[in-house]
Amino acid sequence: MDAGRHPLIETVTNAEVIGCEGEPGDFKVRVRKYPRFVRDDRCVACGLCVDACPQVGGNEFDVGLKARKAIYRPFPQSVPATYVIDPDACLNFLPHLSEKQKKQFDKIQRAKKKKRPHYPGNILVCGHCDSVCEVDAIDFDMKGEEFDVNAGAILVAVGFQEFDARKLGNYGYGRFPNVVTSLELERMLNASGVTEGHVVRPSDMKTPKRVAFIQCVGARGEGGRPYCSRFCCMNAVKDSMLIRQHDPEVEEISVLYTDLRAFGKGFDDFVQRSFDENSARYIRGRPAKIERVAKDDTLEVFVEDTLEHRQRRIPADLVVLSVAAAPNDGAAILAKMLGIKTDCYGFIARRDPAISAVETSRDGVYVCGSAVGPQVIPDCVAQASAVAARAQLYLTGHRVEEEEAPVEPMDLSGPPRIGVMVCHCGVNIGGLLDVKTLADHAATLPGVVAAREHMFACSSTGQDELIELVRENDLNRVVVAACTPRTHEPVFRESLARIGFNPYLLEMVNIRDQCSWVHSDHPGAAQDKARDLIRMGAARARHLEPLEAGSAPMTHAALVVGGGIAGIQAATDLAVQGFPVTLVEKEGHLGGRLAKPNLKHLYPNLRPAIDVLEEKLERLYKAGARVLLNTDVKNITGFVGNFEATLEGHVDEVLPVGAIILALGAELYDPRGQFGYGGLTNVMTSQELEQAFFEDDGGPTVDGHRPRSASFILCVGSRDPECFTGCSRYCCPTAIKQAMQLCRHGIDTTIFYRDIRTISTGAEEMYREARGMGVLFVRIPPGQKPEVVGNGRAEAVQCFDDLLGRRLEVPTDLVVLSVGMRPRKDETARFHDMLKASVGLDGFFLERHPELGPVETAVEGVFLAGTVQGPKDVVDSVAQASAAAAKASVFLAYDSVRQDPAVATVDENKCRGCGKCVEICQFQAPGLVEMAEGIHVAHINESLCKGCGTCGSWCPSGAIASQHFTDRQVHAMIDAFFPDKAVAS
Amino acid sequence: MTADWQPEILVFACNWCSYAGADTAGVSRIQHQPHFRMIRVMCSGRIQPGFVLRAFEKGADGVLVSGCHFGDCHYIFGNERAVEQFDKTRKVVQLLGLEDGRLRLEWISAAEGARFAEVINEFTDQVRELGPSPFSSTRQVA
């Protein structure tokens, strides 16, 4: 909805690209827009047309589970809010006629009209929607149009579609009604979906007693697609918990998996929670087929359970196929038009994910999200931010200039003069409530000088009437009783602001979403409620204060702390946009973990890390970032837009910056004391092995000669309640990469694992290749660890092989421990103290929100890039760093930091400096200031205050006012509910 | 108390979750009992004991405080602060002799329209069972 409202974003829906020519910086894209037959400048989304329409059509959003009318709104929050007519379902369209037949039809119509002049032309077969539409928005004659868009950069975000599960005949999708896909399940589980959040069997709409999830449908080799679809494991775990919550009658949920890929931050903990809560039983095996076993469409899933070593038939009332992500049907055509390449699966190809997360094969055309392949949401969001920043390259010179057309502020002083507008919203409110009586009653309320009704207050005529009401009656407060403020409050505020009326003197009363729509069984009580709510709204309006958005100046410079791959990427992206950026690195060289001799090759295609690093450095220097080696950040003070960083080392200075990106990196786990590391001579970490590759491609020597065999032990220091319960994400593909390297030099390799989590692009295919090469994979049962045995040196690895079902002893000349990533304790503590950015339970810095703020911290102006936020590999680090730079540049582009005026303020005379507010606030907004010897008073930084009001409710002196939600305003509303005891105030 | 007496309930809801949840109930047309009025605040952390007490003082028969689920608070830990305040509030309410069933704390997310309706129905029935608040006898019955 924010995108739809943004003044600089033009949303064109029901359209597609049909051609593209030009160059980066100057593309001409031809767009064809199909008609919606409803005018978006008129439709107010009242929904009357839907009630009137007699025709029922398919429903794409609810994946065919629910029907819709021929005129419809795709889903409740669709942007734009305009309805649309489906010409295939609407009776007024004759799509099956050819052009010739249509011409004949027109001819007949004209002849009839000639013969009988009173014969109405343009007879509509059905015109019900048009006849009930009160704003005349229906236009059956609307034509499509084609137009050109002149663009500097093109961003492709076409997403994915589900793998067509009908291709796997053995699962019965399409044949058995009770086999559904995960997306269909989502629509059922959605509270505003088809079944209001309940899981049902499509065959009889009853709650299933037993549900089975089948993973990897259309992925990891099935259906011809070898890649891993990333999100399905976690999705099934989540769905199992949701089903348990919504439908406790479900007795059994089974998840049939191959590997449980809980690779992201917090994922393993979530899976553990599922185990603890017994939300599902996890059966390890890929089913062979599903059969119907009873007339009532009960099913049975045939699977070999590799944990229990037996074949099983799992009865199920409902089977959910976790289908993989597949490229969108239109992606190939679009790619051709835009002149970009697709990969072997049909997804949009990226030039080089290790160099840039979002570049396609053509300059100026970028891609993000699932269009490149299966993604989880946090990664999509990060890439989207990154892509926006890259687009800037072709738009430099078009800085955002806030058009502050100076408007004379109105004189709003004096006793409150309130105007009330009560909206009918067509029949949505007017159909149940007596709006006229509400308006008449409102006119009698204290402080109200004028009251009016309107059919659609949000429409342009409604807005005009509101302005008229304000002017005619010299109003200084406005109450609008209509829908929820969460929809149209910004619209009303903007209209008022345009005439100089302070937008914070508006009160919206919700008599639709929270009244007429939900109390239709009690019209009398609903009327009373609406009347009371308006009275409460007017009472609050009397106490509303005009508020001005404040601002603080912005320092147009950025600081990037840490010169690893993430820091380099972030600094490059910012510098390229023209922002002065300083990259500070404690060591004497850049590159971090990519610098020699840490990483030799990148998976999956063995790119030499040094090549990647060199290209990145070239881009960095070309972009003009200021690089300071051997320099440390000793202290940081200030807040967003106004930081000051004290640097020491190669330079000694205090650097003023507006935004800070932390790219401090991570450490590797030290496995001392485990698996013989530090005691036995031939046990090394994966890092040490990688370093050995620099000396010799074939790896290290042991006792003077090349080892004949090597064993890799995965998850050392990860997925372990003793040190880190999460997954370190990079180790599975790294171990496979290293094992393949050794294998090529004739060394027998065995990998001991719990789950193989090859989710990175190309990693699953690499896993398959490794098996083909002869790398052995031994699966350890959950909860157990392999043992390294030997005297002075490791001689063998012992374990229980879960797939063979017996103990193994694998002789080995070399043991490699795949160590996980850990946060850098000292650095984290240091920067946490300086910036107060939160640190998660896992010790890594905490992002503001995994989906809505994956690269931000709770401290505004401070961002995270790379492994400082959690374990990840080079490709993910680069993507995240670009996203962090993009977010930072949004701040830096403005001349000042905008402050939301609905913030807390302190009355210094009442404040006794107890510090409670400082303790409570999550955003570092309040601070104690020494006013005089020993006398402290709290000051709230308006740039940081988010307006939650929590400090206001805790202040023991009542010194804090939560503006726009003050005590007086709330009290007034409470008092107004009970008019007999109304306190004059 | 007349035969057609209905409870008068005040609901404090946070903008991001609970108020949005009530809107979701609206969009989905999930019908529920109408004997309550909502006051919107930005965060459940804003609800101080004074608000609840004032509501009872003015004659509310029941008060419902609603916010985001733990971990979902738009302001990170506002709802946890709310719980702390609520515990204090509950103690005072008990001290004043009001029955336990008149004050309730719920976590309702923006998507849980059905849950919102369910809570309203349950709470309204519960309060109706308890009858008018002992303080509402100070109100003049119009």
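A cavity here is a set of grid points where a 1.4 Å probe fits but cannot get out, and its volume is the space filled by probe spheres set on those points. By that measure, the second largest cavity of this predicted model holds about 150 Å³ of space. In total, the structure has 11 cavities of 30 Å³ or more, and the largest holds about 230 Å³.

The two cavities are set side by side below.

| Cavity | Volume | Lining residues | Lining by class |
|---|---|---|---|
| Largest | about 230 Å³ | 18 residues | 9 nonpolar, 4 polar, 5 charged |
| Second largest | about 150 Å³ | 19 residues | 12 nonpolar, 5 polar, 2 charged |

**Largest cavity.** The lining residues closest to the centre of the largest cavity are A:Glu507, A:Met508, A:Met973, B:Tyr19 and B:Met38. At least two lining residues come from each of four elements: helix H13 (485-498), strand S23 (506-510) and helix H15 (523-542) of chain A, and strand S2 (36-41) of chain B. Strand S23 of chain A gives the largest share, with 5 residues.

**Second largest cavity.** Nearest the centre of the second largest cavity lie A:Cys921, A:Gln922, A:Cys948, A:Thr950 and A:Cys951. Two helices each supply at least two residues of this lining, namely H24 (950-954) of chain A and H3 (78-95) of chain B. Of the lining residues of the second largest cavity, 12 are nonpolar and 2 are charged.

Notes:
Residues numbered from 1 in each chain as written. Chains lettered and ligands numbered in written order. Predicted model: local features only at pLDDT ≥ 70, side-chain atom pairs only at ≥ 80, totals over all residues. Heavy atoms only, no water. 1 Å grid on protein atoms, 1.4 Å probe; cavity = no way out; pocket = protein on both sides within 12 Å on 5 of 7 lines; lining within 4 Å. Nonpolar A, V, L, I, M, F, W, Y, C, P; charged D, E, K, R; others polar.
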